Amino acid sequence: MDVIFEYHDVTASAELENFAKAELKKIGDKYQFAHRADVFFKVENTSSDETGKIAGVRISMPGPRLFAEHSSSDFYPSLKEAIGDVERQLRKKKEKMQSHN
């Protein structure tokens with residue numbers, strides 16, 4: 001699976017990219033029909049210390065794209081949540097595809 005990173009008002013991080021690639025590789029191995037992931041990192045001014053660092057994941061595959069994003073105090077948990085959300089969507093998609101066969 002190809003992984004493309006976009007940073008909005010955030011400095012690029014090789015550690016964050018390696019973490020994302022490792023997590024997305026697991027998904028790519030499990031769901032071969034997902035061929036590309038776009039990962040977004042951005043910072044948002046919020047009044048809460050619990051949010052503001054947003055990670056988003058968009059998965060490209062045949063049919064509509066899947067997207068999830070999450071905001072927390074750090075990019076790692078945000079990314080983990082977004083990837084978890086996208087994986088749940090992929091699981092549902094795969095179940096639908098199998099039920100139509």
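**View 1. In this close-up, the side chain of D38 makes a polar contact with the side chain of R36, at 2.9 Å.** Welcome to this predicted model; the tour starts at an aspartate. D38 is found in strand β2, which covers residues 36–43. Is D38 buried or exposed? With a relative accessible area of 2%, D38 counts as buried, because buried means a value under 20%. Setting aside residues up to four places away in sequence, D38 touches I4, G56, V57, R58 and S60. One of these, S60, is the subject of the next view.

**View 2. Here we look at S60, a residue of strand β3.** Strand β3 takes in residues 53–60. S60 has a relative accessibility of 7%, so this residue counts as buried. Which residues does S60 meet once its neighbours within four places in sequence are left aside? The contacts of S60 are F33, A34, H35, R36, D38 and R65. R36 and D38, the pair from the opening view with side chains in polar contact, are thus both among the residues that S60 touches.

**View 3. This view shows D9, in the loop between β1 and α1.** Strand β1 spans residues 2–8, and helix α1 spans residues 14–30. At 76% relative accessibility, D9 counts as exposed, because exposed means over 50%. What is special about the backbone here? The phi angle of D9 is near 60 degrees, a positive value in a residue other than glycine. Most residues other than glycine have a negative phi.

**View 4. Two residues of helix α2 share this frame: R88 and K92.** Helix α2 runs over residues 75–99. How accessible is R88? R88 has a relative accessibility of 41%, so R88 counts as partly exposed. K92, at 58%, counts as exposed. Each of these residues can also be paired with a residue elsewhere in the chain. The C-alpha atoms of R88 and E44 are separated by 26 Å, and the two residues are 44 apart along the chain. For K92 and V57, 35 residues apart along the chain, the C-alpha atoms are separated by 17 Å. You have met V57 already, as one of the residues that D38 touches.

**View 5. Stepping back, this frame takes in the whole chain, with its 2 helices and 4 strands.** In what pattern do these elements follow one another along the sequence? The pattern reads β-α-β-β-β-α. The C-alpha atoms fill a box of roughly 50 × 25 × 20 Å along the principal axes. A compact globule of 101 residues would have a radius of gyration near 13 Å, and the chain, with 14 Å, agrees with that. Of the contacts between residues at least 6 apart in sequence, 52% join residues at least 24 apart.

**View 6. The last frame is about the surface and the charges of the chain, which exposes about 6200 Å².** Carbon and sulfur atoms supply 47% of this exposed area. How many of the 101 residues count as buried, as a percentage? The share is 35%, and both D38 and S60 are buried. The chain carries 16 positive and 17 negative charges, and the mean positions of the two sets are 9 Å apart.

Conventions: Residues numbered from 1 in each chain as written. Predicted model: local features only at pLDDT ≥ 70, side-chain atom pairs only at ≥ 80, totals over all residues. Heavy atoms only, no water. Rg over C-alpha atoms; globule rule 2.2 N^0.38 Å. Buried < 20%, exposed > 50% of the residue type's maximum accessible area, 1.4 Å probe, protein only. Contact = heavy atoms within 4.5 Å. Areas by Shrake-Rupley, 256 points an atom, 1.4 Å probe, with all protein chains shown as cover. Lys, Arg positive; Asp, Glu negative; His and termini not counted. Charge placed at Lys NZ, Arg CZ, Asp CG, Glu CD. Polar contact = N/O pair within 3.5 Å; in protein donor to acceptor, adjacent residues only side chain to side chain.
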